Amino acid sequence: MNETRFELGNKQLKKIDEIGGEQVIESLQDIAPDVGKYIIEFAFGDIYSREGLSLKEREIITITSLLTTGNCEPQLEVHINGALNVGIAPKKIIETFIQCIPYVGFPKVLNAIFIAKKIFSKQEIRI
C-alpha cells in the first residue's frame, strides 16, 4: 500500500524534528489546521521526500534560506534543531551562517547565530 502525502510528510517531519515540528502543527490546530496539513503534505511529503538531496543538505539549505529571508526566527529555531537532529555539527551550522555575511549582512547573521547559541546552550552543546 502506498503512503499518502500526509503519512509520508509526517514521517519526514518526525525524522527531522519530531518535537518542534509537532509543536508547530499543534499550534495551528485551533486557528488554521489546514495550514498544518499543507506543511506536512507539501513541504515534508512532497519536497523533503524527493530524491536528490540528503536530509542534511535540505536542512543546510533551509536554515540558510530562513536566515536570508529574515524575520523567521521561530522557524529558524525549529530547523536549527532539525539540522542537529539529522547530524549536522554545530560548528558547521555556524560556518554556514558566517558564509552568508557577505550576501545578507551582519544583522541577519547575528540573529541566526544568537538563535543557534540559545539552542546550543539548552542542549549543552559547546563548539
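This is a short tour of a predicted model, going from one helix to a pocket, then to a cavity and finally to the cysteines.

**First stop: helix 1**

Begin by selecting residues 5-28, which form helix 1. Although this helix has 24 residues, its end C-alpha atoms are only 19 Å apart, whereas a straight helix at 1.5 Å a residue would reach 34 Å. Now centre the view on Asp17, where helix 1 has a kink of about 120 degrees. Asp17 is also one of the buried residues of this helix, and you can colour the others to see where they lie: Gly9, Gln12, Leu13, Ile16, Gly20, Gly21, Ile25 and Leu28. To find what these buried residues pack against, add helix 2 (33-47), helix 3 (55-69) and helix 4 (73-85) to the selection.

**Second stop: the largest pocket**

Keep those four helices on screen, since helix 1, helix 2, helix 3 and helix 4 are the elements that each give two or more residues to the lining of the largest pocket. Its volume is about 500 Å³, and among the 22 residues that line it, Ile39, Phe44, Thr62, Gln75 and His79 lie nearest the centre, which makes them a convenient selection for placing the pocket in the view. Which helix gives the most to this lining? It is helix 1, with eight residues.

**Third stop: the cavity**

A search of the whole structure finds one cavity of 30 Å³ or more, and its volume is about 50 Å³. To locate this cavity, select its lining, made up of Leu66, Leu67, Gly70, Asn71, Cys72, Glu73, Leu76, Lys108, Asn111, Ala112 and Ile115. Two or more of the lining residues come from each of helix 3, helix 4 and helix 7 (106-122), and helix 7 gives the most, with four.

**Last stop: Cys72 and Cys100**

Cys72, which you have just selected as part of the cavity lining, is buried, with a relative accessible area of 15%. Next select Cys100, which also counts as buried, at 7% relative accessibility. How far is the sulfur of Cys72 from the closest cysteine sulfur? The closest one belongs to Cys100 and is 13 Å away, too far for a bond. Seen from Cys100, the closest cysteine sulfur is that of Cys72, again at 13 Å. A disulfide requires a pair of cysteine sulfur atoms within 2.5 Å, and the count for this model comes to zero disulfides.

Conventions
Residues numbered from 1 in each chain as written. Predicted model: local features only at pLDDT ≥ 70, side-chain atom pairs only at ≥ 80, totals over all residues. Heavy atoms only, no water. Buried < 20%, exposed > 50% of the residue type's maximum accessible area, 1.4 Å probe, protein only. Expected span 1.5 Å × (residues − 1). Bend = angle between axes of the 7 residues up to and from the residue. Contact = heavy atoms within 4.5 Å. 1 Å grid on protein atoms, 1.4 Å probe; cavity = no way out; pocket = protein on both sides within 12 Å on 5 of 7 lines; lining within 4 Å. Points joined across faces, edges and corners; volume = space filled by probe spheres on them.
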